[in-house]
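Work through the exercises below with the structure open beside you, and try each task before you read its solution.

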Amino acid sequence: MDTNAETLDPSLCARIASEPGGENIWRCFGCGTCTASCPVREITARYNPRRIIHMARLGLHQVLSADFVWLCSTCYTCQERCPQDVRITDLMHAIKNVAVAEGFMPPSFRQQIALLAAHGRLYDITMLENERRNEQGLPEITESPADIARILGAAGLESPGASEAKGEA
Amino acid sequence: MRYALFLGCTAPVRALNYEKAARGVASRLGIELHDINDFGCCGFPVKSVNREAALLMAARNLALAEEQGIDVCALCSSCTGTLAEANRTLCADPALLERINVLLRKTSGLEYQGHVRIRHFVRLLYEEIGPGRLRRSVRVDLSGLRLAAHYGCHYLKPGEAHDHFDDPENPTSLDQLIEATGAQSIPYEGRELCCGGGILAADEHTALELPRLKLARVAESGADALVIVCPFCDIMYELQQRRIEKLFDTRFNLPVLFYPQLLGVALGLSADEVGLPLNRVKSRTLMGLPSGGEA
């Protein structure tokens, strides 16, 4: 980990704290209940919520640029147990929102946004899907993606891959 | 009792058995499910990248239900959590709701007033029908079945999004619903484990370690099947089960049932009516049961 003081980003924590969900980051007193409760931490040392919070407060920019914050499975166990009400799952969402705003978005999320823009949903409804649904006596579904693409655009999520995703299926 | 059925992205494509069983059970119990074709994604996938987009997508769905004047029930726990949380956030902050509505009018010609309530379909069974009435409606003897309840994360947490209808640390509602069918809900280690679905796209190997752990513990407990309430948990525990077995050189062959499938069988629906032939890991015990009509 790069802890050179010259590379620290002094406004990082304030940027995270001003994002909805990130407000309580200063309340953390480092007890580690989050890390001890985390099912992902049990599998891999790469994801460690207490460490991420500490790094963010120090201003370590890797919090935004590295991929570990994306390993939060959003199970909310830490959020339910945190004695300081840091609202850790919401905080991780806030950190990821800041990371995206500063240009760091994992490719899998780009793909998902392209799918949403093209189909209004994560899985497109092809004729085959509706045939399978018919066989089971389930009603057909028609996609209505146009305004969802507009929503993504209005929120600033441009989706250059939308047309490609349409061809995938 | 009339509700808009929110299918979400995953269930209507990957879990037709769940949808079929839910519709069948609802019809048996006098719950009218209304389809709104224009429902889209709940917003969950974009929560991580852009909170405003997630709120807009949730508000769009809420507004569509509000137009029809009905409350929503969802099959997917993540849809339930995302819609319920967005609803709470928007209703608590009139300025934010107005800001979202300004955009929503432009993008979708819709506006949300804050009058819709969202609950998970299984929570609805628990609260509106209740284990007692369900028990009295059972027509098929399932007393030999030993089942492991999996609540999953977004069914209960964050607690306030779900009005704390059950204790997130030590839940009992699904156990009660399972026992209402006559089957036994057995204790096992790792009940609280996350399915890992949330990180499948980010890191597949790490993600699959989570269901591997869960499946191993449930298998150790001697359960006949794992009972779930979310199509994403199903992807991890059932659709990925063969792959997990291969990847980690192990064997589980553990059937995974959606709660409405179990309930449907107990109420006398046929194996086909609850979509059992679509389950990847076959439950011989359940498939072999006579339907209520024949019993």
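## Exercise 1: the two sides of a helix

The model used here is a predicted one. Which exposed residues does the face of H9(A) turned away from its buried side carry, and which residues of this helix are buried?

*Solution.* Begin with the outward side: the face of H9(A) turned away from its buried side carries the exposed residues Met127(A), Leu128(A) and Glu135(A). Next, look for the buried residues of helix H9, which spans residues 127-135 of chain A, and you will find Glu129(A), Asn130(A) and Arg133(A). Seen down the axis of H9(A), these buried residues fall within an arc of 95 degrees, so they line one face of the helix. The general background is that an α-helix has 3.6 residues a turn, so residues three or four places apart point the same way. Now ask what the buried residues of H9(A) pack against: their partners are helix H1 (11-14) and helix H2 (16-29), which belong to chain B. Finally, follow the chain just past H9(A), where Gly137(A) takes a positive phi of about 75 degrees.

## Exercise 2: the contact between the chains

Find how many residues each chain gives to the contact, and then describe the area and the polar pairs between chain A and chain B.

*Solution.* Count each side in turn: chain B gives 57 residues to the contact and chain A gives 53 residues. Turning to area, the two chains bury about 4,800 Å² between them, with 60% of it on carbon and sulfur atoms. Within chain B, the residues that lose the most area to chain A are Val13(B), Ser48(B) and Val49(B), which together make up 13% of what that side buries. For the polar part, 23 residue pairs are in polar contact across the interface of chain B and chain A, and five salt bridges are found across this interface. As a last step, ask which helix gives the most to the side of chain B that touches chain A: this is H4(B), with six residues.

## Exercise 3: the nonpolar core

Identify the residues with the most contacts inside the largest nonpolar core, and examine the surroundings of Tyr259(B).

*Solution.* The largest nonpolar core has 160 residues, and those with the most contacts inside it are Leu152(A), Val46(B), Phe121(B) and Tyr259(B). Helix H4 of chain B, residues 51-68, gives the most to this core, with eleven residues. Then take Tyr259(B) and leave aside its neighbours within four places in sequence: its contacts include Val122(B), Leu125(B), Leu174(B), Thr181(B) and Val229(B).

Conventions:
Residues are numbered from 1 along each chain as its sequence is written. Chains are lettered from A and ligands numbered from 1 in the order in which they are written. This is a predicted model: local features need pLDDT of at least 70, side-chain atom pairs count only at pLDDT 80 or more; totals for chains, interfaces and linings use all residues. Side-chain values use heavy atoms; hydrogens and water are left out. Buried means under 20% relative accessible area, exposed over 50%, partly exposed in between (1.4 Å probe, protein chains only). Helices (H or I, at least four residues) and strands (E, at least two) are DSSP runs, numbered from the N terminus. The arc is that of the directions from the helix axis to the C-beta atoms. Contact means heavy atoms within 4.5 Å. A nonpolar core is a set of buried Ala, Val, Leu, Ile, Met, Phe, Trp, Tyr and Cys residues joined through side-chain atoms within 4.5 Å. Buried area is the accessible area (1.4 Å probe) that two parts lose on being put together, summed over both. A salt bridge is a side-chain nitrogen of Lys or Arg within 4 Å of a carboxyl oxygen of Asp or Glu. A polar contact is a pair of N or O atoms within 3.5 Å; within protein, one must be able to donate a hydrogen and the other to accept it, and residues adjacent in sequence count only if both atoms are side-chain atoms.
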